[in-house]
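This briefing covers the nonpolar cores, one helix and the pockets of a single model. Please look over the sequence and the structure before reading on.

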Amino acid sequence: MPDDLAGASASETDAPKVGVVLVHGFVCNRGLWNPWMKRLRAQGVPYLAVNLEPVFGVIDDYTTVIEEAVQRVTEATGCAPVIVAHSMGGLAVRAWLRRYQADDRVASVVTIGTPHQGTWLAYWGSTPNARQMKPGGVWLTHLAADEPASRARRFVCCFSHCDNIVFPAMTAVLPGARAVLVRAAAHVDMVGRSEVFNEVLVAIKAAQAVAQSTGARQA
């Protein structure tokens, strides 16, 4: 499905509209979010989904496309977006935050099965981005060391004890973030769970309330 930023702008008398940036994970593409795009469009939420390329590159190389997406959504709505990221996409978002020091440019980040503290499966990975997801690896260690303690408070981390890709389960939780357990859901299955989508709606409403209280208006 195409991105939908139509209707993002509103008059000065309307409540601010907060948009969403959708970031997929390892060996995937923006098509992962097709069901989400339909639901967001139906609810009048502006959104933009990215493709992280090259597929087997280094995670830091994905920060440029995330920056472009955040800029587009912010320009369309006049508000900092909510970012939703699945799996490795959440690490790409953290790398973007580090590169651009962009904490104030995002309302919140909801991650779904992101290996914030690595995954044991990465020990068998051969691609650059897979190797970066090793628990205790150099890249993850440096990423965590570069982050201010306050950054984690912007994150909601959805995780599952049945995740067949990111395990042990608690490696999908960023220390200091709010953790949301998704029961009996596999790694990709979490994307289709209503409780995860509802967490994003809650984040959007909270961001809209903040934008309205601070006088944010669409450009």
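The points below deal with packing first, then with a helix, then with pockets. This is a predicted model, in which local features need pLDDT of at least 70, side-chain atom pairs count only at pLDDT 80 or more, and totals for chains, interfaces and linings use all residues. Residues are numbered from 1 along each chain as its sequence is written, and side-chain values use heavy atoms, with hydrogens and water left out.

**Nonpolar cores**

- The largest nonpolar core (buried Ala, Val, Leu, Ile, Met, Phe, Trp, Tyr and Cys residues joined through side-chain atoms within 4.5 Å; buried means under 20% relative accessible area with a 1.4 Å probe, protein chains only) has 38 residues, and Val23, Ile59, Ile83, Val93 and Trp96 touch the most other members.
- Two or more residues each come from strands S1 (20–23), S3 (82–86) and S5 (155–159) and from helices H2 (63–77), H3 (88–100) and H5 (138–145); helices (H or I, at least four residues) and strands (E, at least two) are DSSP runs, numbered from the N terminus.
- H3 gives the largest share of this core, seven residues.
- Apart from this core lies another, of 31 residues, including Ala185, Met190, Val200 and Ala211.
- Leaving out residues up to four places away in sequence, Val23 is in contact (heavy atoms within 4.5 Å) with residues including Trp33, Val50, Leu52, Ile66 and Val93.

**Helix H2**

- H2 has 15 residues and reaches 21 Å from its first C-alpha to its last, close to the expected 21 Å, which is 1.5 Å times one less than the number of residues.
- Its buried residues are Thr63, Ile66, Glu67, Ala69, Val70, Val73, Ala76 and Thr77, and they pack against S1, strand S2 (47–49), S3 and H3.
- Gly78, with a positive phi near 80 degrees, follows H2.

**Pockets**

- A pocket is an open set of points on a 1 Å grid over the protein atoms alone, where a 1.4 Å probe fits, with protein on both sides within 12 Å along at least five of seven lines; lining residues have an atom within 4 Å of a point.
- The largest pocket holds about 350 Å³ of space, and of its 24 lining residues Ala107, Ser108, Ala203, Ala206 and Ala207 are the closest to its centre.
- Helix H6 (194–213) is among the elements that supply at least two residues of this lining, and its seven residues are the largest share.
- The second largest pocket holds about 290 Å³ of space; Phe26, Ser87, Leu121, Met133 and Ile165 are the closest to its centre among its 20 lining residues.

Terms used: Buried means under 20% relative accessible area, exposed over 50%, partly exposed in between (1.4 Å probe, protein chains only). Grid points are joined across faces, edges and corners, and a volume is the space filled by probe spheres set on the points.
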